Structures are given as C-alpha cells and as structure tokens.
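This report describes a protein chain for a reader who is beginning to study structure. It starts with one loop residue and then turns to the sheet, the helices and the chain as a whole.

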Amino acid sequence: MAVLYATFFLKIMEEPKDTFDYSDCDYCDRFEEVISDSGNRIGIADVGGMFADPGPKWVSALMALRNRIVGCFGLKADAVPADGKPRVGVFEVLGQTDQTMILGEDDKHLDFRIQLSLTHDGGGDRKRVTVTTLVRYHNRLGHIYFFFVRPFHRMIVPAVMKRRLRQLAVRV
C-alpha cells in the first residue's frame with residue numbers, strides 16, 4: 001500500500017523539493033471528508049490551516065505531553081524553527097499546487113510527509129479533502145516512538161480535520 005500512496009505523491013508534485021524516498025515507507029494512512037463549498041471559496045491554503053490553528057484542547061494537552069517526553073530523547077519538539085522556510089504551523093511546506101500541499105519534517109528517528117488534497121467531488125459544490133500521512137523509520141527509536149504515537153495519530157487527524165472543516169463551512 002505504501003508504494004501506491006508513494007506513486008500518487010510523486011505524480012502530484014511538479015518539482016519535488018525534498019529527498020524523501022516515497023517508495024520506502026513504513027506506515028501510511030489516509031483520511032477523507034467531503035465538504036460543501038457553494039462559493040468555491042475554500043482553497044488548499046485554507047485546508048492547510050488545519051495544521052496551523054490550535055486544535056481541540058485535548059489534542060493540545062497530548063502534544064504538550066509529547067513535547068516534554070521527546071525532549072528527553074533529543075528529538076524535535078513543537079517549536080517553530082527560525083529557518084525562514086515556508087511553514088504551516090510547525091510543519092515545513094515542501095511543495096504546493098492549487099489542489100495539493102505537501103508538509104513534512106525529518107528527524108533522526110523518522111521522517112514523515114503529509115499530503116493535503118482538495119479536489120472536486122463530482123458535480124456541484126462538493127469538495128473532497130484528503131489527508132495522507134507517510135512515515136519512514138530510521139532506527140529502533142523511530143519504531144518505538146511511532147508505536148506509541150500511532151493510536152493518537154489515528155484519533156487526532158480526523159478530529160482536527162472535522163473541526164477545521166466545520167470552521168470553514170461556517171465561514172463560507
């Protein structure tokens with residue numbers, strides 16, 4: 001399944017700006033929601049905002065706990081680096097088209113990529129929002145880290161998506 005997602009990632013990128021080997025992933029998932037956008041006002045930057053805005057309080061609490069723990073192991077915490085690179089929240093923007101945005105980070109234990117897609121869903125004003133995550137482990141710490149993170153990842157991404165998409169629906 002990782003190769004299927006990897007091929008999709010490579011096709012949407014006009015000029016891949018990173019060296020992530022999309023054919024060699026250890027984990028991948030995908031979450032989708034369909035939204036109504038009668039004025040065609042929602043764009044990929046709006047969808048990307050789901051990772052820039054503060055999430056539900058329980059997500060913020062989990063992230064704060066995560067940051068305290070990973071700091072003990074020398075891993076990147078939730079601080080936004082002052083590196084001048086384009087970012088959405090804490091995540092670097094590695095590529096963007098009108099319908100797709102690739103976010104990602106590399107660390108010593110694992111690398112990950114998040115693909116955000118916004119496509120028309122049939123006729124009318126319906127749009128499909130898709131969030132795909134790919135992870136590649138570098139070492140045992142990456143395996144152990146993601147073993148504990150994975151269940152929360154599977155809860156957080158859909159919760160943050162639904163919250164952000166509700167906000168966008170109200171705005172439109």
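## A buried loop residue

Asp37 is placed in the loop that lies between β1 and α2 (44-48). The model in which it appears is a predicted one. Is Asp37 buried or exposed? Its relative accessible area is 2%, and a residue is called buried when this value is under 20%; Asp37 is therefore buried. A polar atom of the Asp37 side chain lies 2.9 Å from the backbone nitrogen of Arg41.

Asn40 belongs to the loop between β1 and α2 as well. The phi angle of Asn40 is near 50 degrees, which is a positive value in a residue other than glycine. As a general rule, most residues other than glycine have a negative phi.

## The chain in outline

The chain contains four helices and six strands. Read from the N terminus, these elements follow the order α-β-α-α-β-β-β-β-β-α. Of the 172 residues in the chain, 45% are buried. The accessible surface of the chain is about 9,500 Å², and carbon and sulfur atoms account for 56% of it. Of the contacts between residues at least 6 apart in sequence, 64% join residues at least 24 apart.

## The sheet

In what order do the six strands lie in the sheet? The order is β1-β6-β5-β4-β3-β2, the sheet is open, and the pairing is antiparallel. The edges are formed by β1 (27-36) and β2 (87-88); each has a single partner strand, so one side of each is without a neighbour in the sheet. In general, strands of a sheet pair through backbone hydrogen bonds.

Three of the pairings can be set side by side.

| Strand pair | Sense | Bridges | One bridge pair |
|---|---|---|---|
| β2 and β3 | antiparallel | two | Val88 and Phe91 |
| β3 and β4 | antiparallel | four | Glu92 and Gly104 |
| β4 and β5 | antiparallel | seven | Asp106 and Asp111 |

Two hairpins involve strand β3. One is formed by β2 and β3, with two residues between them, and Gly89 in its turn has a positive phi of about 65 degrees. The other joins β3 to β4 through three residues. Strand β3 (residues 91-96) is mostly covered, since five of its six residues are buried.

Strand β5 (residues 110-120) includes Ser117. With a relative accessibility of 7%, Ser117 counts as buried. The side chain of Ser117 makes a polar contact of 2.6 Å with the side chain of Gln115. Ser117 and Gly43 are 74 residues apart along the chain, and their C-alpha atoms are separated by 9.7 Å.

## Helix α3

Helix α3 (residues 57-71) consists of 15 residues. From its first C-alpha to its last it reaches 21 Å, close to the 21 Å expected at 1.5 Å a residue. Which residues of α3 are buried? They are Val59, Asn67 and Val70. These residues lie on the same side of α3, because they cover an arc of only 75 degrees around the axis. The face turned away from this buried side carries the exposed residues Lys57 and Arg68.

## Two buried aromatic residues

Phe51 is located in the loop between α2 and α3. Its relative accessibility is 18%, and it counts as buried. Which residues does Phe51 contact, leaving aside its neighbours within four places in sequence? They are Val88, Gly89, Phe91, Leu103, Ile114, Leu116 and Val131. Among these, Val88 and Phe91 are also bridge partners, and Gly89 is in the turn of the hairpin formed by β2 and β3. Phe51 and Val157 are 106 residues apart in sequence, yet their C-alpha atoms are 9.4 Å apart in space.

His153 is part of helix α4 (residues 140-171). The relative accessible area of His153 is 13%, and the residue is buried. Not counting residues up to four places away in sequence, His153 touches Tyr27, Asp29, Phe31, Thr133 and Pro158. Tyr27, Asp29 and Phe31 fall within the range of the edge strand β1 (27-36).

How values were computed
Residues numbered from 1 in each chain as written. Predicted model: local features only at pLDDT ≥ 70, side-chain atom pairs only at ≥ 80, totals over all residues. Heavy atoms only, no water. Buried < 20%, exposed > 50% of the residue type's maximum accessible area, 1.4 Å probe, protein only. Contact = heavy atoms within 4.5 Å. Areas by Shrake-Rupley, 256 points an atom, 1.4 Å probe, with all protein chains shown as cover. Polar contact = N/O pair within 3.5 Å; in protein donor to acceptor, adjacent residues only side chain to side chain. Expected span 1.5 Å × (residues − 1). Arc of directions from axis to C-beta. Pairing = 2+ DSSP bridges.
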